[in-house]
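Here is a short tour of a few spots worth a look. Please keep the sequence and the structure at hand as you read.

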Amino acid sequence: KIAFSHIIRLKCTHSESDSAIKSLNSKENALEPVSSSKSTKSSGNDQKTIPFVPFPINTELTLDIEDITNMGMGAARVLLPDGSLWVVFVPLVLYGEKVLAKIKSNKSTYSEATLVKVLEPSLERVNPQCKYFSVCGGCQYQHMSLLAQRHWKQQQVITSLNRIGGLKDVVVNPVVGTDESYGYRAKLTPHFDAFLGNKLPNIGFFHRQSKSTIVDIDECVIATANINQKYKEMKRDFIETAKKSEKSKQKGATFLFREVDDGVVVTDPNVVACQTVGNIKFHFKTAEFFQNNPFVLPLLVDHVVAMARGDGCKHLLDAFCGTGLFALCAADHFQSVYGVELVPTAVETAIRNAMVNQIENVEFTKGLSQQIFTCVLHLDNDCTAVVLDPPRKGCDEDFLRELFLFLPKKIVYVSCDPATQARDARQIVDAGYDIVDVTPFDMFPQTRHIENVITFFRK
């Protein structure tokens, strides 16, 4: 079995590789830094650094996968003749596996490889249900058991809090999810390119190794059955129409499919759809943001409301309220609720949702998130909780400054990026708060993504 506690979890975008290398060669692993360059003399006394790469393109290596980054890449270390260690990243592998890989590119401090063959598979390896998994970039973990995925995501949160936030010994609860690990996604946005001559374009999702290449797909196994049926019909009709219309061949575009109440699949981005969460009906334009896992969403909302309510809190501030999800679902438990959102259409939608559901103790305002505090100067901060659900980049300094001036009794922070959340959590703790609960939610099974909720109490 995988020893999950020994896996190093890393936040890796392009600088993911540098971060992973630093972790792989940290003192915790009793290793020296990677030797990544050699110097040669140029004119005068200047030194010119020339990248050092130990493996030519297409070199095949047998590797032991020691770590998995949060981008789903396996990391292996190769001992070089000079005694240094060179990191190689390989996709579609699991921790603990021995694999044969082929070098495809070399960077200044690491190499990237393609998987040739799994020589010794992990016990957590399973067969992907999608025939496009090896090439489509939509999913990263279909080759990993669901139990392993959730252990990994829990460790991802722990590692982010530890390494990025400097918050050690924080207890992270097991990941909350449901049995619907396939067929759960209620929104799908496949793409297609412009026609090349008379050649039909691919319709689907970006290739795993290229954001300029679209993989043609017939179905998406993580989408709902109703969406897949509608997708097949629309794809067929589009191709037939495009064959007869020069105008439709001129440029690419993106389809939109959203399943809402009663299994209805809407494709027009301007149509107002309805999605029920608990006993609240949310009306929103199909193109507007709304969480796309209807099975886990009620569990997430119930948890956020449970964390925010009680402990003498009579008022709730929803600082990134969107169309009113948390504000409206929590309204029954507070005397007053205030929401702020920068997007005008979302604010209008939130106001309509309050009216439709006959909720009268909620007030929504258009503006920057930090502007909510100017609207609630009359509230007692000792009786106020704040819910944060910022975009992936997290909270900016202006917002955090106003938040710390207000000093609410409780903060419930929802995030789709544990890395930026951990960064902000460090500042919240330094401002005088304790972390009392950390619970991740598996909103996106088969992918690397995780939704995490941290609850803070003011000391």
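## The surroundings of Gln-142

Beyond its neighbours within four places in sequence, Gln-142 is in contact with Val-126, Asn-127, Pro-128, Gln-129, Cys-130, Phe-133, Tyr-182, Val-221 and Gln-446. Do keep in mind that this is a predicted model. One of these partners, Gln-129, also offers its backbone nitrogen, which the side chain of Gln-142 reaches at 3.3 Å.

You will find Gln-142 in the loop between β8 (110-120) and α2 (146-164). Is this loop residue buried or exposed? Gln-142 counts as buried because its relative accessible area is 2%, under the 20% cut-off.

## Strand β24 and its two partners

Next, have a look at β24, which spans residues 451-458 and is mostly covered, with 6 of its 8 residues buried. Strand β22 (residues 410-415) pairs with β24 in the antiparallel sense over 6 bridges, and here Ile-411 stands opposite Phe-456 of β24.

Strand β23 (residues 433-441) is also paired with β24, in the antiparallel sense and over 8 bridges. In this pairing, Asp-437 stands opposite Thr-455 of β24.

## A nonpolar patch at the surface

To finish, turn to the surface, where Leu-342, Val-343 and Leu-368 make a nonpolar patch of about 240 Å². Leu-368 sits in the loop between β20 (362-366) and β21 (384-388).

How does Leu-368 qualify for the patch? Its relative accessible area is 38%, so Leu-368 is partly exposed and passes the 30% that patch residues must exceed.

Technical notes
Residues numbered from 1 in each chain as written. Predicted model: local features only at pLDDT ≥ 70, side-chain atom pairs only at ≥ 80, totals over all residues. Heavy atoms only, no water. Patch = residues over 30% accessible without salt bridge, like charges linked within 9 Å, V, L, I, M, F, W, Y side chains within 5 Å. Areas by Shrake-Rupley, 256 points an atom, 1.4 Å probe, with all protein chains shown as cover. Salt bridge = Lys/Arg side-chain N within 4 Å of Asp/Glu carboxyl O. Helix = DSSP H or I, 4+ residues; strand = E, 2+ residues; numbered from the N terminus. Buried < 20%, exposed > 50% of the residue type's maximum accessible area, 1.4 Å probe, protein only. Polar contact = N/O pair within 3.5 Å; in protein donor to acceptor, adjacent residues only side chain to side chain. Contact = heavy atoms within 4.5 Å. Pairing = 2+ DSSP bridges.
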